[in-house]
Amino acid sequence: MDMNTPRKYHIKSPCSTANIGPGFDVLGISLSLYLTLDVEILKEGPAFEMTYSGEGATDVPLTPEQNLITKTALYVLSANGISELPQPLKIHVHNPIPLGRGLGSSGAAVVSGVLLGNALGQLNLDRNRLLDYCLMIERHPDNVAAALMGGFVASYLRELDPKDMEGVPASESLLDIALSQQVPQPPRGIGHYVNLGWAKEIKCIAIVPQFQVATAKARAVLPTEYVRQDVVSNLFF
Ligand SMILES: Nc1ncnc2c1ncn2[C@@H]1O[C@H](COP(=O)(O)OP(=O)(O)OP(=O)(O)O)[C@@H](O)[C@H]1O
Ligand SMILES: N[C@@H](CCO)C(=O)O
């Protein structure tokens, strides 16, 4: 099928909670609040149209190279030799997930973007490969692994050889990808994950603060080392 053949997709990615108990950067649970994309490749119309409702509607940019979802899709497409979006393309995003408040909004956006790139480019990437793309962008695996795989997930980010990373966009430089730029593919098997069991009787209540803290800022204040006593007591909780 030609990339511009008219068609529709509905893409749904859950929010997630992470850092559960002692599982810092490891344990994540997907929760039943979903970022959705309604995507249509039309016969005619403007080359690109993006609308957005819900959390972040007044702040989130809606141009392909600035919006986290479309930027991520562009990255997946460029890494697979596709230098432009199909046209005319219409995307409606509905986001009920509060931004920057501990419910993995960026993880859901990244997972949606990777699924979007996979669908638009008809790439048929399997889940493990989709995870590699997610992990090039969100460099801690707990939220994206839970959002992509579903359920209660333990995940671990493999140390990457700097040689494998040459020219590969990681989160910050992803911002700079131009539509026409071709980027190398991510290394394979960046993350390991295990689906853990979950008792249906255990329900989750999320308490959402009224202020935002960007994950990057929160991570920047963490010490690089912890004393043994603190690590041991954290394992207990
Ligand atoms: N639906 C979305 N569309 C576009 N950009 C988004 C969307 N959701 C999140 N983002 C981007 O991600 C940023 C929030 O990411 P951040 O990692 O700081 O917090 P979070 O993922 O909501 O929370 P946490 O990682 O603590 O669970 C937003 O400020 C915005 O730039
Ligand atoms: N493990 C991540 C979760 C938030 O995205 C962190 O603490 O930064």
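Helices (H or I, at least four residues) and strands (E, at least two) are DSSP runs, numbered from the N terminus. This is a predicted model: local features need pLDDT of at least 70, side-chain atom pairs count only at pLDDT 80 or more, and totals for chains, interfaces and linings use all residues. Residues are numbered from 1 along each chain as its sequence is written, while chains are lettered from A and ligands numbered from 1 in the order in which they are written.

**Stop 1: the whole protein**

Show the cartoon. There are eight helices and six strands. From start to end they run β-β-β-α-β-α-α-α-β-α-α-β-α-α. The radius of gyration, taken over C-alpha atoms, is 18 Å; the globule rule (2.2 Å times the number of residues to the power 0.38) also gives 18 Å for 237 residues, so the protein is as compact as a globular protein of that length. Its C-alpha atoms fill a box of roughly 60 × 40 × 30 Å along the principal axes.

**Stop 2: ligand 1**

Centre on ligand 1. Its shell holds 21 residues, where a residue counts as near if its C-beta atom, placed from the backbone, lies within 6 Å. Select Leu68, Ser105, Ser106, Ala109 and Thr215; these come nearest. Now colour helix H1 (68-79), strand S4 (89-95) and helix H2 (105-120), the elements that give two or more residues to the shell. H2 gives the most, with four.

What classes make up the shell around ligand 1? Nine residues are nonpolar, 11 polar and one charged. Here Ala, Val, Leu, Ile, Met, Phe, Trp, Tyr, Cys and Pro count as nonpolar, Asp, Glu, Lys and Arg as charged, and the others, Gly among them, as polar.

**Stop 3: the nonpolar core**

Stay with H2. It also gives the most to the largest nonpolar core, with nine residues. Such a core is a set of buried Ala, Val, Leu, Ile, Met, Phe, Trp, Tyr and Cys residues joined through C-beta atoms within 7 Å; buried means 20 or more other C-beta atoms within 10 Å of the residue's own. This core has 47 residues, and Val111, Leu116, Cys134 and Leu148 touch the most other members.

Select Val111. Beyond its neighbours within four places in sequence, Val111 is in contact (C-beta atoms within 7 Å) with Ser13, Cys134, Val144, Ala147 and Leu148.

**Stop 4: residues 67-151**

Select 67-151. An unreviewed UniProt entry places "domain: GHMP kinase N-terminal" here; such annotations may be inferred rather than shown by experiment. The span is 56% helix and 8% strand, and its end C-alpha atoms lie 27 Å apart.

Terms used: Buried ≥ 20, exposed ≤ 12 C-beta atoms within 10 Å, placed from the backbone. Contact = placed C-beta atoms within 7 Å.
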